[in-house]
Amino acid sequence: MAETDRLKKPFAGLRVADFSWVGVGPTVAKYLADHGAEVIRIESSTYPEALRRAGPFINDEPGVNNSGYYANFNSSKLGMTVDLKHPRGPDLVRRLIAKCDVVTESFTPGTLARWGLEYEALRAIRPDLVMISMPLFARTGPWSHYMGYGHVLQAATGYNHLTGWPAGPPIGTGVAYTDFFVPHIAAAALIAALDYRRRTGKGQFIDFSQMEAAIHGLGTAILDWTANGHEQIRMGNRDPEAAPHGCYRCKDGQHLVIACFTELEWAGLKAAMGRPEWCDLERMRRKWQRLNEQREIDRHLSAWVEDMTRRETDPPEEPMEGAEGVMIRKFTSYELMEWMQKNGVPCGVVQSPEAMHGDPQLAHRGHYRKLNHPVMGERTYDSPSFRLSTTPAELTKAAPLMGEDNEYVYKELIGLTDEEFVELLLDGALE
Amino acid sequence: MTDQPPVPLPHSTGPLAGYRVIDFADEKGQLCARLLAELGADVIKVEPREGDPTRHNGPFFRGEQGPDTSLYWWVMNAGKRSVTCELRLAPGRELAAKLVDRADIVIETFPPGESARYGLDYPTLSTRNPGIIVVSITNFGQTGPYRDYLATDIVGSAMGGQMYLNGDEAHGPVRTTAPQAYAQVNVQAAVGAMVALYARGVNGGMGQQVDASMQEAMANTMDNSQQIWDIRQVNQSGPGIRRNTAGVLGPQYLYETADGWVTNLGLGGLLGPKGAALIDWLAESGEARGLDSHDWRARLAAGALSPEERNYVEIVLARFCKPRPKLALVAEAQRRGAGWAPVLSPREIVESEQLAARDYFVWVQHEDIGESFLYPGVPFRLSETPAVQRGRAPHAGEHNEQVYGDLLGLDAGEIRRLRARMVI
């Protein structure tokens, strides 16, 4: 038996009550689940969480057990339902938490306190509990009760201001960006607290603000203001320290990004292009000069990329205009990427979701996992961006159906008898 | 201790207090190490004698380039200690290995295969220190067909798919100006480091390697677009001021105001059963332009609008927002139950009443230039082991004596000799 077979999964034996919903909290708990913790999503069918109500749905038919959006954030987890508005609901949850090590939640501040499920109360039941609250703005402050999603939090934390073209609107990213940035910081803090508990037996409460964490993705822009009084602004695809630095359209409809920060990279680009005259002009000699000539560089480079690329169905070589018999090589976008890389130029194709699905590097890393879901069938799930050499992440099961594990949770963990279970079920407490 | 530089706090209180991290990282790993410093670890940044190359990353304090003026460096390395160590020399490599012997976590960003040249590869380090966790952060991963590809932030954003989802029809894909591929792989690798640290504790002190990829980190920011491809075979692309929902171009989510922009979802909250309060708001202001009619209310509540109807609602909303200040608009929309948010610039973020109420920003003392500056504070507040901002970023080699002397036990003569031989 290999040594790694004897190793425990990192979080084996830890049980997590996961009240969190939408993007941020579920991602935090997913890290624990994918690395061995028993994570129980606590939901209510009386108010299904936003992602269960958001697509894509199989066959475009909305259904709480049919959302690919929800599924992706909740691999490896169990699912239970409880109606916290039912008089018995909060007590059932308290009995569960007595058997949990971790509580994660991302409700609007005060929500759990309404049911007597705030940290101070839960700590009385489970003294070594580690609990993290991750509201959108913060637990306190004038905006603490503000509602929203990552799609608008990216606006309040500077990402919109810094994404788009200088003369255009602050379009922001096309996704709920902060949902994909802040959970990692929350997870790092939560696991650090768990490690402290492992060593000392002490639990604690983590007051985590999505807004405050999001700002760490653009700290340099904040310092530019606080130390220099300079306000950074979106620059399209430019970079203050590289030229060229941009995104160029290929004839096959794809885009290639090219970035030259160093003289070596610029020399590589010149070689890759066959040293056209313009790039040996005196005013292109040094980087600080090129930074002033970006408009012209972009004009030349755009034309060159357009000229030298081809559709996949076009022949790879074409006769050069005017010169009889001389053939020139034309590239697909991926061939051009390879050619530029061979010449030492940092570059890459702007990959579509479809291209990512077929990306050989991501396939080699096994990034997309296929998991079989009882309603949705075999579907694509994202996995962590890191590979642990001895205790790697393992996505053990597809996302839970609404209340899929009620029997296990209510009978084995909470300790209800069959009769009590049926009685509460009929009374609507388990919805 | 009177001449002790203020970097870092001598006694940390975070959950990682007592752990030591050695940071050999460039842009792909410095923020990762800083997060661990804020969680309480003793982070030692290892730099070449002339200083780390990222000290030349702009912007610079007062626009003046110098070894200690990079604001990028300030932010990414705040609260760390610094030693210089010439890895190209054998005694330097031995010194680095000795540091790793006394550490729990190494963060390195050498291109795949290169760390072996310095004796800093996982097999070598783990032979000396079986408990060591080596966090190896690269563009594409340690192995695979693209492992040797060159990349910077924008390449990670492109190959990781995120740029495909950003931008608009007219201009094509766009990158976020503040580098996000770098930021993403940093924070995701920090999770990997923590999982490995926890695993070590439950598996008899055995360390491991954490192989993190910038491309893959960006792939994890693609929202539900992979599932949309998987389920619907639709490639979502940059929607500009609109929003993609499950592969369908949705309503405008960005509206211009008197002093900037606001964002909202679902046509400002007018759509759906909870929209009545918002329609009332427009009506009370005399700017409903018919949306408060019985018919329109029913249509908005049902949420099913024709493209023309949606366009009309967008125009009504745009006209309503244009003359009003953004913070007042957001406050009133929120009061009426809709999740609007303002588009804030770095200045407006620093001036935010919300962050002020939380004492979020902290003054970090730069006693070397006789000033203090506001930094973003720690985003996690832990009740038992409070995390703290640990001070400014170090000068190159600022802690050579402290680290090589107190930690490695070298005497003054040995340190002098290392310096004379240009090792440190």
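What follows is a short chat about a predicted model with chains A and B.

Trainee: What kind of model is this?
Mentor: It is a predicted one. Keep that in mind throughout.

Trainee: Okay. How many helices and strands does chain B have?
Mentor: Chain B has 17 helices and 14 strands.

Trainee: And chain A, how many helices and strands there?
Mentor: Chain A comes to 16 helices and 14 strands.

Trainee: What box do the C-alpha atoms of each chain fill?
Mentor: For chain B, roughly 85 × 50 × 45 Å along the principal axes. For chain A, roughly 90 × 50 × 45 Å, again along the principal axes.

Trainee: What percentage of the residues counts as buried in each chain?
Mentor: In chain B, 58% of the 424 residues are buried. In chain A, 55% of the 431 residues are.

Trainee: What about contacts between residues 24 or more positions apart?
Mentor: Take the contacts with a separation of 6 or more. In chain B, residues 24 or more positions apart account for 68% of them. In chain A, the figure is 66%.

Trainee: Domains next. How is chain B divided?
Mentor: Domain 1 covers 20-221 + 361-420, and domain 2 covers 253-349.

Trainee: So domain 1 comes in two pieces. How far apart are the C-alpha centres of the two domains?
Mentor: They lie 44 Å apart.

Trainee: Now the contact between the chains. How many residues does each chain put in?
Mentor: Chain B puts in 128 residues and chain A puts in 130 residues.

Trainee: Which helix of chain B gives the most to that side?
Mentor: Helix α7, residues 180-202, with 18 residues.

Trainee: How do the residues on chain B's side divide?
Mentor: There are 72 nonpolar, 42 polar and 14 charged residues on the side of chain B that touches chain A.

Trainee: Which strands pair across the two chains?
Mentor: Look at β6 of chain A, residues 204-208, and β14 of chain B, residues 380-382. They pair in the antiparallel sense over three bridges. One bridge partnership there joins D207(A) to R381(B).

Trainee: And a pairing inside chain A?
Mentor: Try β12 (residues 369-373) and β13 (residues 377-381) of chain A. Five bridges join them, and they run antiparallel. They form a hairpin with three residues between them.

Trainee: Which residue of β13(A) is the bridge partner of L371(A)?
Mentor: R379(A).

Trainee: Switching to the core. How many residues does the largest nonpolar core have?
Mentor: It has 251 residues. Those with the most contacts inside it are A186(A), A189(A), C32(B), L36(B), V135(B) and A193(B). Helix α7(B) supplies the largest share, 16 residues.

Trainee: That helix again! What does L36(B) touch?
Mentor: Leave aside its neighbours within four places in sequence. L36(B) then contacts L16(B), V21(B), A41(B), V43(B), I105(B), A190(B) and A193(B). A193(B) is also among the core residues with the most contacts.

Trainee: One last residue, R358(B). Where is it found?
Mentor: In the loop of chain B between α15 (353-357) and β12 (362-366).

Trainee: Is R358(B) buried or exposed, and why?
Mentor: R358(B) is buried, because 23 C-beta neighbours lie inside 10 Å. The cut-off for buried is 20 or more.

Trainee: What does R358(B) touch, beyond residues up to four places away in sequence?
Mentor: R358(B) touches A138(A), T140(A) and G141(A). Those carry the chain A letter.

Trainee: And how far is R358(B) from G377(B)?
Mentor: The two are 10.0 Å apart, C-alpha to C-alpha, and 19 residues apart in sequence.

Definitions and conventions. Residues numbered from 1 in each chain as written. Chains lettered and ligands numbered in written order. Predicted model: local features only at pLDDT ≥ 70, side-chain atom pairs only at ≥ 80, totals over all residues. Domains from an automatic or database assignment. Helix = DSSP H or I, 4+ residues; strand = E, 2+ residues; numbered from the N terminus. Buried ≥ 20, exposed ≤ 12 C-beta atoms within 10 Å, placed from the backbone. Contact = placed C-beta atoms within 7 Å. Nonpolar A, V, L, I, M, F, W, Y, C, P; charged D, E, K, R; others polar. Pairing = 2+ DSSP bridges. Core = buried A, V, L, I, M, F, W, Y, C linked by C-beta atoms within 7 Å.
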